[in-house]
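Please find below my notes on the model you sent. They are set out as numbered points, to be read with the structure open.

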Amino acid sequence: MLDLESSNNPVEKRFLIAGFFLALAVSISACNSGYPASATQSRSGDAPSDRQVKTARVAETPFGETVTANGTLAAYDQTTVSVKVPGRLRSISVDLGSVVRRGQMIAQLEPGDYKLRVEQAEAALAQARARLGLTPDGTDDRVDPEQTATVRQARAVLDEARFNRVRAARLIEQGVIARAEFDSVDSAFKVAQGRFQDALEENRNRQALLAQRRSELALARHVPADTSVYAPLEGIVQEKRTSVGEYLAAGTAVVNIVRIDPLRLKAEVPERDAGNVHFGQNVRVTVEGDANIYVGQIKRLSPVIAEQNRMLLVEADVRNDGRLRPGSFAHAEIVTNDAKMAVTVPNKAIVTFAGIEKVIVVQNGKALEKPVTTGRRNGDWTEIVAGVTVGEQVIVDPGNLQSGQTVAVVE
């Protein structure tokens, strides 16, 4: 405790009071800091810890010679699905972007009218069978013309006319009847022959009509199935062309479907490089806004070089995991020689800042930035044209590591 009464000097009392309050302020400040002064000094003097990093060696690996080309990704297949028969659209089960399977029903027309046409065709067939003397609901359309009523009647008339002619011929030889009477009987015989022939032709006509009615019934029975519209291929709906309730004429488009896996890469190769491009060569494809590299294969080559631009048109099939879209601009590298060596580093070791590409190497236990000039890329590696040498250690996934920072390499 401060003893002010033991001192009689006013000046000394003031100094004692000032010293007391100064000591009190220092004590309060120490309490608020939460750390002893010695601990604070010790913490500020600690050396920074080493950053643990993983590295990979710059290596010379087979990278291959390539021919570069620009092109467009197109759908592998595309089709416009149309209705086969006219009718009013009752339902449609797909829309823009819908995924469809081959054989999936995507639309349905009203089938009522076509069911009535089936009944009408069945009645016409039964009528045609009855005219030939067959049962209306039978399935056997074969018939003997001589057994039909029309032909039998014509046959009877012909036989009678033949008998009358023979008898008249005998009588005229005997001088019983006049020549004019024989001519009349002969004319009746010829008319009977014509009618018999006409009966046979009528029978053939009815048989042909029966075959026609049978075909019409088969067609009428098939039409209700045509009121259902099915997807001819597996793909995605690019455009919906109609809506429920519309009356559609035969051949009216319902939807457009595209198949997008694989995609067709259509690219043009300069004439100077055309001799190095062959069927089956691998292609590395990149598109704007996507860092992934997609792999394809040359499947089709044009037989001619275009005179307008001296380019060879090639097509490659590129597998699509769903991120590629038809119509996209694509940059392609056609691998013409797989055996060529190149200096490479992992893709994850490349750092890009302000348009400058660099890698961070480990040198004397510290990180050191090195600008590099890159070349080709594939799924895992990047070709280094200049900036580092084979054997150097580059840091993989350096993040925000700074040049000069001490590092510790871990496996």
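The points below take up the cavity, the nonpolar core, the backbone exceptions, the ring contacts and some contacts between residues distant in sequence.

1. Status of the model. This is a predicted model, and the points that follow should be read with that in mind.

2. The cavity. The structure holds 1 cavity of 30 Å³ or more. The volume of the largest cavity is about 40 Å³. Rolling a probe the size of a water molecule over the atoms shows where empty space is left. Which residues line the largest cavity? The lining is made up of Leu265, Ala267, Val283, Ile298, Val314, Glu315, Ala316, Ala332 and Ile334.

3. Character and origin of the lining. By residue class, the lining of the largest cavity has 8 nonpolar residues, no polar ones and 1 charged. Glu315 is on the list of lining residues, and it is a charged residue by the classes used here. At least two lining residues come from each of strand E10 (253-270), strand E13 (311-318) and strand E14 (329-337). Which strand gives the most to this lining? Strand E13 does, with 3 residues.

4. The nonpolar core. The largest nonpolar core has 25 residues. Within this core, Leu265, Val283, Val314 and Ile334 touch the most other members. Two or more core residues come from each of strand E3 (65-82), E10, strand E11 (282-287), strand E12 (290-305), E13 and E14. Strand E10 gives the most to this core, with 6 residues. In soluble globular proteins, nonpolar side chains tend to be buried together.

5. Core and cavity together. The core and the cavity are worth viewing side by side. Leu265, Val283, Val314 and Ile334, named above for their contacts in the core, also appear in the lining of the largest cavity. Strands E10, E13 and E14 each give two or more residues to the core, and each supplies at least two residues of the cavity lining.

6. A cis peptide bond. Asp261 and Pro262 are joined by a cis peptide bond, with omega about 0 degrees. Pro262 is placed in strand E10. Most residues other than glycine have a negative phi, and most peptide bonds are trans. Please inspect the backbone here.

7. Positive phi. Two residues should be looked at under this heading. Ala354 is not a glycine, yet its phi is positive, at about 55 degrees. Ala354 is found in the loop between strand E16 (351-353) and strand E17 (356-363). Is Ala354 buried or exposed? Ala354 counts as exposed because its relative accessibility is 70%, and the cut-off for exposed is over 50%. Asp397, also not a glycine, has a positive phi of about 55 degrees. Asp397 is found in the loop between strand E21 (393-396) and strand E22 (407-409).

8. Rings. The count of aromatic pairs comes to 0. There is, however, a contact between a charge and a ring: the charged end of Arg264 sits over the ring of Tyr76, 4.7 Å from the ring centre.

9. Glu392 and Ala59. Glu392 is placed in the loop between strand E20 (381-386) and E21. Glu392 counts as buried because its relative accessibility is 17%, the cut-off being under 20%. From C-alpha to C-alpha, Glu392 and Ala59 are 8.4 Å apart in space, while in sequence they are 333 residues apart.

10. Contacts of helix H5. Helix H5 (residues 179-226) holds Gln193, and Asp186 also has its place in H5. Gln193 counts as partly exposed, at 36% relative accessibility, whereas Asp186 is buried, with a relative accessible area of 13%. The C-alpha atoms of Gln193 and Asp159 are separated by 9.1 Å, with their positions 34 residues apart along the chain. For Asp186 and Val166, 20 residues apart along the chain, the C-alpha separation is 9.0 Å.

11. Gly112. Gly112 lies in helix H3 (residues 112-131). At 38% relative accessibility, Gly112 counts as partly exposed. Gly112 and Gly87 are 25 residues apart in sequence, and their C-alpha atoms are 9.8 Å apart in space.

Notes: Residues are numbered from 1 along each chain as its sequence is written. This is a predicted model: local features need pLDDT of at least 70, side-chain atom pairs count only at pLDDT 80 or more; totals for chains, interfaces and linings use all residues. Side-chain values use heavy atoms; hydrogens and water are left out. Rings of Phe, Tyr and Trp (its six-membered ring) pair if their centres lie within 6.5 Å; planes under 30 degrees apart count as stacked, over 60 as edge-to-face and the rest as tilted. A charge sits over a ring if NZ of Lys or CZ of Arg is within 6 Å of the ring centre and within 35 degrees of the ring normal. On a 1 Å grid over the protein atoms alone, a cavity is a set of points where a 1.4 Å probe fits but cannot get out, and a pocket is an open set with protein on both sides within 12 Å along at least five of seven lines; lining residues have an atom within 4 Å of a point. Grid points are joined across faces, edges and corners, and a volume is the space filled by probe spheres set on the points. Helices (H or I, at least four residues) and strands (E, at least two) are DSSP runs, numbered from the N terminus. A nonpolar core is a set of buried Ala, Val, Leu, Ile, Met, Phe, Trp, Tyr and Cys residues joined through side-chain atoms within 4.5 Å. Buried means under 20% relative accessible area, exposed over 50%, partly exposed in between (1.4 Å probe, protein chains only).
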